[in-house]
Structures are given as C-alpha cells and as structure tokens.
Amino acid sequence: MSDLDKLYRAVILEHSKNPHNFAIPDSANYRADGHNPLCGDQVTLGLDIGPASHDDNGVEIIRAIGFRGVGCAISMAAASMMTEVVKGLTPSQAEILAGEFEALVKPLSASPEVADRASEHRAALETLAAFAGVAEHPMRIKCATLCWQTLRAALTTVSHS
Amino acid sequence: MVRRSGRTGPAEAMWQASRLDYAAMTPLRDDGRTIHASGRPDRGQEAGHGLDPQTVRAEFLALDQTVHGHPLVYLDNAATALKPRCVIEAVTRMYARDCANVHRGVHMLSQRATDAYEQARESVGSFINAESAAEVVFVRGTTEAINLVAQAWAIEHIGPGDQILITGLEHHANIVPWQMVCKQVGAELVAAPVDDTGAVPLAEIQARISKRTRLVAIAHVSNVLGTVLPVRAIADLAHASGALVLVDGAQAVPHMAVDVRALGCDFYTFSGHKLYGPTGIGVLWARRDILASMSLYQGGGGMIQSVTLDRTLYRDEPYRFEAGTPHIAGAVGLRAAIEYVGTIGFEAISAHERDLLAYATARLGEVAGLRLIGTAGDKTGVLSFTIESVHPHDIGTVVDTRGVAIRTGHHCAQPLMERFAVPAMARASLALYNTRSDIDALIDALLVVEEMFG
C-alpha cells in the first residue's frame, strides 16, 4: 500500500465525502467547539448525555452525538467515525478512548496492530485503526485529533456540571 | 571547490569543501580580505540572452534530492527560497574564517568581519538604490522591520483620531503591528478593499486617504495573490495628504528591480530568505531624515556612543537601531544572494518567471473544479487556488507524496481568506530555478488529488 493510501484509507475517504451524524442532535445538552486556527478546521459537537433508560440506576451515557464543521478529509472523517464509536459509551469510557486514539496517531507509538492492545474498546479501536497512517504525517495529526479534543472539552463540562 | 563523489550527497560535499578546501572557494587578497565584485549588481549589467534553468539549478544544492521517491519540485518560494551555493559558502566562510564580532575589536578577524558586514550594507543600499548605506538598517526580517517602524516611528507620530491605511491583501506582519499601534495611541486602522481579481483599485485607496491619514502601509506584492500594487501612485496620493508610506517588499525583491527612490516610499522592508539569502536577516530602509527623526527601538551594545550609569549617548543611524551583536553571517549571506541575483539580472528573471506563470496558469485551467484566486493584470509568479470539495491540506499532502512542495493554509493573510470566502488555499509560488516540468509535475500530482477526492 502506498504511503498515500495508508493515510487516506478508503473508509476515511468515504466518511469524509459522506460524514455520518453530520447534524447536532435536537436533544443535545452539551456542546463544544473545536478550532484549529492554523489550518482553519472547525468542528462543533453536540452530545445528548443522560441515563441510558428511565428505570436505569443513574449511569449516564452518550445517548446521541452529532457534529457540524469544515475541514480537511482527515478531520471530517475523524469526527464522523468518532461519533459512531462513542455513541453508547459513558463519558469516562469516551475519555479513555480519546486517549487511546491520540496514542494511535502519534508517531512511534502508533501501531495498527490493535489486536495486541489491552483495551476494553477493541472493536472501536479496530475501526479507528484506519487513522494509524496519520502518524507518518506529523503535520496532519492535529487534523485527526481535533474532534477528540473537542469531545474532551465537552466531557469536561459534563464532569463539572 | 566542491567536488561531488558518488557516495556523498551535495550537502556533505559542501561541508567537506568548507572544511578542507575552504581557502580555494574565494580568491583572497594578501591581507586575507575577500575580493568582491564592486558596483551595482543588478543594474548596468547586460542581462544577457536569458536564463538557463539547468545552469541555475546546479547552484541550488537542495534541488538535488528526492522526496517520497520523487525528484523534489519546490514550489513554495513565497514562503522561503532555496539558497544557491554562493550564499551557503559566504555564510560558511564567515564562521569558518572571519569569525569575530563587528565594530568591537582591533584585531584582524574583527576588522574582516566588520568590513564584510558593512560591505553587505553597501550592497543592500545599491540593490534598492538607496541614497546611502546609512539608510539601511539590518533586522531579523520584514516582520521586525515593520515592528521597528511601528514602535520607533508610529508611536511618536500617530495620535488619537489619526488613521493608518492598509489594504485587504496584507500579510499579518503588515496588519498586527498597526493594530498594536492603534491600540496604544488611540488611532484607527482602515483597510482598502481587494477586488475580485485580487487588485486594490487606486480609487479605493484614494477614497480612504484624508488629512487624518498618517501612514499608508502596503505590500509591494501580495504573498497570496501575486498582485503588484502601484506603489508610486499610492505614495503620491499619500504624500499629497501628508502621510508617509511604508512598503512590505518581502515578495517583491526576489522578482523585480526595486528602486526605493523611484517608488517614492518612505520606508521599505524586506527579508533575506525570500531573496535566496539566509533566514534571520532582513532590511529596513528609510529616508535618512526620517531615520534621524525616529526614537529608539531596542537598547544595548552597538547602538551607543557612551554610557554612564546616569546617561547614554546614542550612535547615529543606522547603528542606533541595531542593538546587540547583529546577524553578521546573515548580512554577508544576503550580500552574496544580491550578487547572485545580480549576475542573472532581473530582466532575465522576470522574463523567465512571467513565461512560467503564463504556462502554469494555462495548465491549472485543465484541472477540474480548480479555482485560481488572484488574477490581477500585474502579478508575479504566485498561483493560489482551491479545488472544489477538496480541502487545501489534503491537496498539500497528496502532492507532497509526489515530491511537490506547495503551501497550504491561510498564508498569514486571514482577512484575505475571508474576502474570498475560503478557509484556506493551496499556493504554488515560482522562483528563478523553476521550470515547465515543475509545473507539469504539479499538474500530474493534482490529477492524483482529483482521482482520490473527485
């Protein structure tokens, strides 16, 4: 696979052309804006966080998530795929996954061999492994991580509320 | 002389040459001073029968490399230009042999360094047709030159209710320092708008010049659009209202002969590194009477005549504005760059770049969905563009994998991105060593972009 194909995996191109969850949910009770002033990438996240069901014992999860934004293929695909994998997670699970994603796209630590990873989010990480090629393009790491940083910002407001 | 062996790369050969065979690089006089060509480098010389790209390219060591397995195609010249061998040698020479501080010691090395530094000032003065080398202040680059004028002239001469006029195509370096001044003194920053071609109509400038205008600060050439501004006409308008004129010449000096007296400006600024010279060296030129009227910039050694604990007497301009040890090797490298450009001549350089610009403009037209931004009648070899439904950063990354270096982003001109309603642009910018095959490589790489994202 060429360097270029490793970066722009088919799944990334597909998500960038047709992003999933590309709307702020009507029920969103948390929002955060992410902006990468150096390249102009912009992401707005909307999350609906609350008890999984009415008879639940109070555990809150991300019930719905969506985004709007403009940016490069990497940033848009990252946001699209992030919304897919964090839906249904608790805020703290999503935080952990954010950290695992950031490790995945960092140079040296990146490894597409996610099967070896001791993670409770193996399936999610296998999906996100499509971004492992970003690690070889240091200038593009911030494109992939913008949405995750925005998610962290939104989750920070959850923990403070 | 640099000898190329099969095993070592050009940079290694260069370093070996500088270490081992250094004395052979430049003829020396008996006293150890280098022999330099004299006179104006770029005028009064026959430009000859044009520019031979292959001869030129051989002088730029950085061109001789592959990137991602492809020969490097360097089209990011508006960001910084590559350096010819003579510039690298001149800088190396300053550290390898004439390494001393300037204006300090009486020993031979200090004298050589001082001579070389002051000869560089002379060379810059001639290059822009200054009346005297004393009008040339060495700074780190265009940005520092503009900040120097902002802090040492504008703060003193601009007051509450006054206006500073810029244009909508300025680089952040010619916006932010004036915003700082306006905030400090209570003045107002006004911008003349850019039209759809990327030109700034003279009428828009004229309509914004009044008795309140104290300074008109404009780019000579836009770093994004390549537009050449009519500096002389703008200066005449400004002067008729009693305003001074500062020109950001960073993008002009590599491409055209600049004559500060013919332009009629009061301040002219540029960077060495875009003119094939070193980074970290730049020039502020100002008319001598204006320099003399300016207050201090930075204090320290080099800018004083005498210091007691109570009082300091300052040196005359230009030294008054050069506190601390200057970038001596940078100035000497800049001189080498000026001499290099002079041996080719701006007539040949601009003919070559005009031809390439026309070729590149036509070929970019072949790319589906490509929008060229900046189509003013008078422009230099800068080609900014967007491609429908592809973000410029993706363009930049894809063409990089084909060895093609272009700039993507907002190009330090965010107001201009807003003007053309794009978050960012891709930009190919030309220099004297570029060829039609460089343009062909760009187009081929853009076809890959089209294939992936189209």
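Let me begin with one pairing in chain B: Y268(B) has W285(B) as its bridge partner in strand β10(B). The model before us is a predicted one.

Strand β10 of chain B covers residues 282–286, and five bridges join this strand to β9(B), the two running antiparallel. On the β8(B) side, Y268(B) of β9(B) is the bridge partner of V247(B). That second pairing, between β9(B) and strand β8 (residues 244–248) of chain B, is in the parallel sense and extends over three bridges.

How many residues of strand β9 of chain B are buried? The strand spans residues 267–271, and five of its five residues are buried, which leaves the strand mostly covered. In a regular strand, side chains alternate between the two faces of the sheet. Here both faces are covered: F267(B), T269(B) and S271(B) are buried on one side, and Y268(B) and F270(B) are buried on the other.

I turn next to a helix of the same chain, namely α6 of chain B, residues 176–185, in which W178(B) has its place. The relative accessibility of W178(B) is 0%, under the 20% cut-off, and W178(B) therefore counts as buried. What does this tryptophan touch, leaving aside residues up to four places away in sequence? The contacts of W178(B) are I146(B), V149(B), A150(B), A154(B), I164(B), I166(B), L189(B), L215(B), A217(B) and L246(B). As for L189(B), this residue lies 11 residues from W178(B) along the chain, with 7.1 Å between their C-alpha atoms.

Some totals for chain B as a whole. The chain has 454 residues, of which 57% are buried. Its secondary structure comprises 15 helices and 17 strands. Among contacts with a separation of 6 or more, 72% are between residues 24 or more positions apart. The exposed area of chain B is about 18,000 Å², with 52% supplied by carbon and sulfur atoms.

Finally, a helix pair in chain A. Helix α2 of chain A, residues 10–17, and helix α3 of chain A, residues 73–86, have axes that come within 8 Å and cross at roughly 90°. The two helices, α2(A) and α3(A), are therefore roughly perpendicular to each other. Which residues make the contact? From α2(A) they are V11(A), I12(A), H15(A) and S16(A), and from α3(A) they are A73(A), I74(A), M76(A), A77(A), S80(A), M81(A) and E84(A). Sorted by class, the contact of α2(A) with α3(A) consists of seven nonpolar, three polar and one charged residues.

Key:
Residues are numbered from 1 along each chain as its sequence is written. Chains are lettered from A and ligands numbered from 1 in the order in which they are written. This is a predicted model: local features need pLDDT of at least 70, side-chain atom pairs count only at pLDDT 80 or more; totals for chains, interfaces and linings use all residues. Side-chain values use heavy atoms; hydrogens and water are left out. Axes are lines fitted to C-alpha atoms, for helices over the stretch in contact, and angles run from 0 to 180 degrees between N-to-C directions. Helices (H or I, at least four residues) and strands (E, at least two) are DSSP runs, numbered from the N terminus. Angles under 35 degrees count as roughly parallel, over 145 as roughly antiparallel, 65 to 115 as roughly perpendicular and the rest as oblique. Contact means heavy atoms within 4.5 Å. Ala, Val, Leu, Ile, Met, Phe, Trp, Tyr, Cys and Pro count as nonpolar, Asp, Glu, Lys and Arg as charged, and the others, Gly among them, as polar. Buried means under 20% relative accessible area, exposed over 50%, partly exposed in between (1.4 Å probe, protein chains only). Two strands pair if DSSP finds at least two bridges between them. Accessible areas come from the Shrake-Rupley method with a 1.4 Å probe; for residues, only the protein chains shown count as cover.
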